[in-house]
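I'm opening a fresh notebook page for this one. The plan is to look things up piece by piece and jot down what turns up.

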Amino acid sequence: MGDIGEVTASTLSANQDAIDMEAENKRGLTDYSKMEAEIDALKAQATKGQVAEATEALLNIEKAQRLGEDIGGTRRACTAVLDVLHAAGDWKGLNEHILLLAKRRSQLKQAIQAFVRQAMGYIAQAPDQDSRVELIKTLQSVTEGKIYVEIERARLTKRLAKIEEAKGNVSAAADILQEVAVETFGAMAKEEKIAFILEQVRLCLARKDYVRAQILIRKVSARAFTPRPDKKGEAAGEVGIEGTTIEAADEGTPSLEELKLQYYRLYIQYYQQEHNYLEICRCYRAIYDTPSIVADTSAWQQVLKAVCWYAVLAPSGSEQGTLLNLTGEDPRLDDLPLHKELIISFLTKEVVWWSTLSEKYEEDMKQQADIFGGAYGEQALKDFRQRVTEHNVLVVAKYYSRIRSDRLAQLLDLSPAAAEEALSAMVVSHAVSAKIDRPAGVVKFAPTRSADDILNDWSGNITRLLTKVEKATQQIAKERMIHKLAAV
């Protein structure tokens, strides 16, 4: 992050009016009306075909203003040079003069910022893709290493990445976009900063670079999407934490709510390849709580269906139980009776028959293409079958302390070998405590005892043993005294 009070694009922009006023006060040094008339005459001369002569004369005006440290005059002269070349359609000359103006001795920062922004407006007007890319790369070379045009450089890089992606070079587009670390830009609007990072994440996911995608998406906190009207230093025109004035977001930047939806959908895409259904369910719950989703009936119903399915697909445990209970308590679930029954079946301590369940939800699973379709659909279906088995094992463990293996397989709706494999996996994961006696064909369920519990039981047994020994010793001593008295 930059130091407080550093020169950035935002500070220059915020002080532009003051600079112009100061320049106007220097009319004794420069007669702007005369200079503007001269610039207009040279522009008219350029329209008659004398572009080179007009450009040379404008460069002489720029030199005089620059050496006189006149910000307003230098800015006017630089923009006039670009106007002439753009009007003439000389794109090669435009690139050359952008580099020339930026490299001139003692060139003013305000002038560079002005003609860079002006040239960015020409990108969309370029006659072909090659000219557009060449202009972007020229402006990138001019803005490289200059803090006061760092935001302009980031926007140029994003445009270049989009061009590469349109060509099908997703990997190249991702590499281009990762060159810019916008999280260090104190003057960039929060929405634009988040949008830029999420674009980096999207391209990394598109080329299956999941490690880098995770690193990038963690730069954005979920708290950033919570509106905080009382917090200062985030809106355009306000002074940020670095002492820089926040600039307005670039045109077309999504709103904070749209960015929130994009953020969680990218996270869902990342967690899908890990089959992390628990985190996917949490992401869908965050989407479900978004105002724009709540206001759209079809949207929240679709999201709530996904929440139900991923809550069921999550591994058995306390976290899955919490999600199931939260989802089951949602009053809107009454509008989705089929999915409400799904949640209730996993909350109720009763055996769920896989054949009946799969037949009942077969049509709905076909409709949930994002879950049970695509590259991860087959694995999701296998995991659903496994969750039903895990639920049934926990139900059996609750009601049985000892059960025959063939009866367990019948309750789990599996073959004996598959039932034993499923039970063994749950024992290894400490989801249930059981012992299998293969020769006898019996499974014994017993609660898992910790080392502390075993030690406490041992200590209690020893205490009771010593108590009985002490009582027996007292009784023996008492009998001896009675016999001695009787003998006397």
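**Entry 1: the strands**

I began with a single pair: Arg402 has Lys444 as its bridge partner in E3. Worth keeping in mind throughout: this is a predicted model.

Next I looked up the strands around that pair. E1 covers residues 402-404 and E3 covers residues 442-445; the two run antiparallel and are joined by three bridges. On to E2, residues 434-437, which pairs with E3 over four bridges, also in the antiparallel sense. One of the partners I noted there is Ile436, which bridges to Val443 in E3.

I then checked the turn of the E2 and E3 hairpin. Four residues lie between the strands, and Gly441 takes a positive phi near 70°.

**Entry 2: the whole sheet**

In what order do the three strands lie in the sheet? I find E1-E3-E2, in an open sheet with antiparallel pairing. E1 and E2 are at the edges and have a single partner strand each, so each has one side without a neighbour in the sheet. Ignoring direction, neighbouring strands are turned by 20° against each other on average.

Which strands does helix H23 touch? H23 (residues 405-412) packs on the sheet against E1 and E3, and its direction makes about 85° with that of E1. Helix H24 (residues 416-428) packs on the sheet too, touching E2 and E3, with its direction at about 145° to that of E2.

A note to self on strands in general: they pair in a sheet through backbone hydrogen bonds, parallel or antiparallel.

**Entry 3: H3 and H4**

I moved to the helices. H3 spans residues 32-47 and H4 spans residues 51-67; their axes are 8 Å apart and the packing angle is about 160°. I count anything over 145 degrees as roughly antiparallel, and H3 and H4 are therefore roughly antiparallel to each other. Their crossing is left-handed.

Then I listed who makes the contact. From H3 come Met35, Glu38, Ile39, Leu42, Gln45 and Ala46, and from H4 come Val51, Glu53, Ala54, Ala57, Leu58, Ile61 and Gln65. Sorted by class, the contact of H3 with H4 has nine nonpolar, two polar and two charged residues.

**Entry 4: H5 and H6**

I asked the same things here. H5 (residues 71-88) packs with H6 (residues 91-103) at an angle of about 165°, and the axes are 9 Å apart. That makes H5 roughly antiparallel to H6. Left-handed or right-handed, this crossing of H5 and H6? It is right-handed.

On the H5 side I wrote down Cys78, Val81, Leu82, Leu85 and His86; they meet Trp91, Gly93, Leu94, His97, Ile98 and Leu101 in H6. The contact of H5 with H6 divides into eight nonpolar and three polar residues, with no charged ones.

**Entry 5: Leu259**

Last, I picked one residue to follow. Leu259 sits in helix H13, residues 256-274. Buried or exposed, this Leu259? Its relative accessibility is 0%, so Leu259 counts as buried.

What does Leu259 touch, leaving out residues up to four places away in sequence? My list reads Glu191, Ile194, Ala195, Leu198, Phe225 and Pro254. I checked Phe225 further: Leu259 and Phe225 are 34 residues apart in sequence, with 7.9 Å between their C-alpha atoms.

Terms used. Residues are numbered from 1 along each chain as its sequence is written. This is a predicted model: local features need pLDDT of at least 70, side-chain atom pairs count only at pLDDT 80 or more; totals for chains, interfaces and linings use all residues. Side-chain values use heavy atoms; hydrogens and water are left out. Axes are lines fitted to C-alpha atoms, for helices over the stretch in contact, and angles run from 0 to 180 degrees between N-to-C directions. Angles under 35 degrees count as roughly parallel, over 145 as roughly antiparallel, 65 to 115 as roughly perpendicular and the rest as oblique. A crossing is left-handed if the near helix is turned anticlockwise from the far one by less than a right angle, and right-handed if clockwise. Contact means heavy atoms within 4.5 Å. Ala, Val, Leu, Ile, Met, Phe, Trp, Tyr, Cys and Pro count as nonpolar, Asp, Glu, Lys and Arg as charged, and the others, Gly among them, as polar. Two strands pair if DSSP finds at least two bridges between them. Buried means under 20% relative accessible area, exposed over 50%, partly exposed in between (1.4 Å probe, protein chains only).
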